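Please find below some notes on the model, set out as numbered points. They are best read with the structure open alongside.

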Amino acid sequence: MSTLLTALALAGVLALLFRIVRSGARLALSAAETAAAGGLAEVSARHGDLTAMTERRIAQQRARVARRKGALWMILWLTWLILPLFLGWAEEAFALAAPLWLLPKPSILPRSSSHQKELPGQDR
C-alpha cells in the first residue's frame with residue numbers, strides 16, 4: 001500500500017509541477033499581450049483612430065483579466081505543492097494531485113479576440 005501511495009505521490013508532484021510551468025507560461029504571455037495591447041492603443045490614439053484604440057483597450061482589459069486568472073491558478077498550484085510539506089501530509093496531498101494528469105489542460109495561449117479564428121459565414 002505504501003508503494004502505491006508513493007507512486008501516486010510522485011505522479012502528483014509531477015502533475016503539480018507541470019501545471020505550475022503551464023500557468024507561468026500563460027502568465028508571461030498574458031503580461032506580454034497586456035503590454036502590446038496598451039502600446040498599440042497609444043499608437044492608435046496618437047493617430048486619431050478611435051475605433052482601433054477602443055478595440056485595443058478592450059483587448060488590454062481582457063489580457064489583464066487573463067493575467068490575474070493565471071496568477072491565481074499559479075498561486076493555487078504552488079500552495080498545493082508547498083503547504084502539505086509544512087503540515088506533514090505531503091504524501092497524501094500529492095497522491096490526491098495525481099488525477100490532474102487526466103483533467104483537460106487549459107491552452108497556454110490566452111483567449112483573446114486576436115487569437116480566435118473566424119469561420120466563413122460566422123458573424124461576430
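1. Contact here means heavy atoms within 4.5 Å. By that criterion Ala-90 touches Pro-84 and Leu-85, residues up to four places away in sequence not being counted.

2. This is a predicted model, in which local features need pLDDT of at least 70 and side-chain atom pairs count only at pLDDT 80 or more, whereas totals for chains, interfaces and linings use all residues. Residues are numbered from 1 along each chain as its sequence is written, and side-chain values use heavy atoms, with hydrogens and water left out.

3. The chain has three helices and zero strands, where helices are DSSP runs of H or I with at least four residues and strands are runs of E with at least two, numbered from the N terminus.

4. Helix H2 has 38 residues, which should span 56 Å at 1.5 Å a residue, and the 55 Å between its end C-alpha atoms agrees with this; the expected span is 1.5 Å times one less than the number of residues. H2 nevertheless bends by about 30 degrees at Thr-79, the bend being the angle between axes fitted to the seven residues ending there and the seven starting there.

5. Buried residues (under 20% relative accessible area, 1.4 Å probe, protein chains only) of H2 include Gly-70, Trp-77, Leu-81 and Pro-84, and the buried residues of this helix pack against H1 and H3.

6. Just after H2, Gly-88 adopts a positive phi of about 90 degrees.

Key
Buried means under 20% relative accessible area, exposed over 50%, partly exposed in between (1.4 Å probe, protein chains only).
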